[in-house]
Amino acid sequence: MDNDRVKVLLERIGRQDQAAFRELYTAFSRRVHAYVLNMLKDSARAEEVLVDTMYEVWRAPARFRGESQFSTWLIGVARNKALMVYRGRRADEVHDDLDDIAETTPSDSPDAFAQVAAKQRTQGVRACMDKLSDEHRECMHLVFYEGYSLAEVAEVQNCPENTVKTRLFHARQKIKACLARLVQREGGALPEGAV
């Protein structure tokens, strides 16, 4: 949805138009939820942050001034709310890295092994992502999963674009090293050009 349409909806929301709010919510809620879930690793808390973020839009739609894409601004609002939730967690609630993968397959079909291997690779990437710092993980998620430009990530993370480039470079190096260790443990080799 482009900013022109968003501005029209925000004006209507300012007049308490629920249909406009529903349209905006439908257009952006999945992306915000996915982003926050990636940060918090807790579906219930991610849903709470989504609701709080969208309530901010309902309560004060004029806060969006149109200086960036609405989705970038909205992710920034969600990020601030998620960071407040994250900082409020108790130490015993922080998730440990996923070390063991237990997998069962209901089928003895020839492609069952390929399915298990693909799932293990996905879980390996996820485990390596979880080992990154919050800033690096957030940067990787925004660029590779959300498709944000470096400038948009810089706006969300409130830092210079060169800092985003550096974070992205270091995150990729750490992911590559982590995946290489996982593959080595399994007796394989990391494909050329991976990550």
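Here are some notes on the model above, taken point by point.

1. First, the overall picture. This is a predicted model, so read everything below with that in mind. The chain has eight helices and zero strands, which gives the plain pattern α-α-α-α-α-α-α-α along the sequence. Of its 195 residues, 38% are buried. If you look at contacts between residues at least 6 apart in sequence, 58% of them join residues at least 24 apart.

2. Now the core. The largest nonpolar core has 46 residues, and those that touch the most other members are Leu 10, Ile 13, Leu 24, Val 36, Val 57, Phe 70 and Leu 74. Two or more residues come from each of α1 (3-14), α2, α3 (43-59), α4 (70-87), α5, α6, α7 (150-157) and α8 (161-185). The largest share belongs to α2, with nine residues.

3. Val 57 is a handy place to start if you want to walk through that core. Leaving aside residues up to four places away in sequence, Val 57 touches Leu 10, Ile 13, Leu 24, Phe 70, Trp 73 and Leu 74. Leu 10, Ile 13, Leu 24, Phe 70 and Leu 74 are also on the list of core residues that touch the most other members, as is Val 57 itself.

4. Next, α7. Which of its residues are buried? They are Val 153, Ala 154, Val 156 and Gln 157. These four lie on the same side of α7, because they cover an arc of only 165 degrees around the axis. As background, an α-helix has 3.6 residues a turn, so residues three or four places apart point the same way. The cover over the buried residues of α7 includes α2, α4, α6 and α8.

5. Gly 76 ties in with that helix. Gly 76 sits in α4 and has a relative accessible area of 15%, so it falls under the 20% cut-off and counts as buried. Its C-alpha is 4.8 Å from that of Val 156, although the two residues are 80 apart in sequence. Val 156 is one of the buried residues of α7, and α4 is among the helices that cover them.

6. A second long-range pair is worth a look. Val 183, in helix α8, and Gly 124 are 59 residues apart in sequence, with 9.2 Å between their C-alpha atoms. Is Val 183 buried or partly exposed? At 22% relative accessibility, Val 183 counts as partly exposed, since buried would need a value under 20%.

7. Two loop residues have backbone angles you may want to check. Lys 41, in the loop between α2 and α3, has a positive phi near 60 degrees and is not a glycine. Asn 158 comes after α7, in the loop between α7 and α8, and its phi is also positive, near 55 degrees, again in a residue other than glycine. As for accessibility, Lys 41 is partly exposed at 33%, whereas Asn 158 is exposed at 71%.

8. Lys 41 turns up again at the second largest pocket. That pocket has a volume of about 310 Å³. It is lined by 15 residues, and the closest to its centre are Asn 38, Lys 41, Arg 126, Met 129 and Asp 130. At least two lining residues come from each of α2 (18-40), α5 (112-130) and α6 (134-145), and α5 gives the most, with seven. By class, the lining has seven nonpolar, four polar and four charged residues.

9. Last, the enclosed space. How many cavities of 30 Å³ or more are there? The count comes to one. The largest cavity has a volume of about 60 Å³, and its lining is made up of Asn 38, Met 39, Leu 83, Tyr 86, Asp 134, Arg 137 and Glu 138. At least two of these residues come from each of α2, α4 and α6, with α6 giving the largest share, three residues. By class, the lining has three nonpolar, one polar and three charged residues.

10. One link between the last two points: Asn 38 lines the largest cavity and is also among the lining residues closest to the centre of the second largest pocket. Helices α2 and α6 likewise supply residues to both linings, that of the pocket and that of the cavity.

Definitions and conventions. Residues are numbered from 1 along each chain as its sequence is written. This is a predicted model: local features need pLDDT of at least 70, side-chain atom pairs count only at pLDDT 80 or more; totals for chains, interfaces and linings use all residues. Side-chain values use heavy atoms; hydrogens and water are left out. On a 1 Å grid over the protein atoms alone, a cavity is a set of points where a 1.4 Å probe fits but cannot get out, and a pocket is an open set with protein on both sides within 12 Å along at least five of seven lines; lining residues have an atom within 4 Å of a point. Grid points are joined across faces, edges and corners, and a volume is the space filled by probe spheres set on the points. Ala, Val, Leu, Ile, Met, Phe, Trp, Tyr, Cys and Pro count as nonpolar, Asp, Glu, Lys and Arg as charged, and the others, Gly among them, as polar. A nonpolar core is a set of buried Ala, Val, Leu, Ile, Met, Phe, Trp, Tyr and Cys residues joined through side-chain atoms within 4.5 Å. Buried means under 20% relative accessible area, exposed over 50%, partly exposed in between (1.4 Å probe, protein chains only). Contact means heavy atoms within 4.5 Å. The arc is that of the directions from the helix axis to the C-beta atoms.
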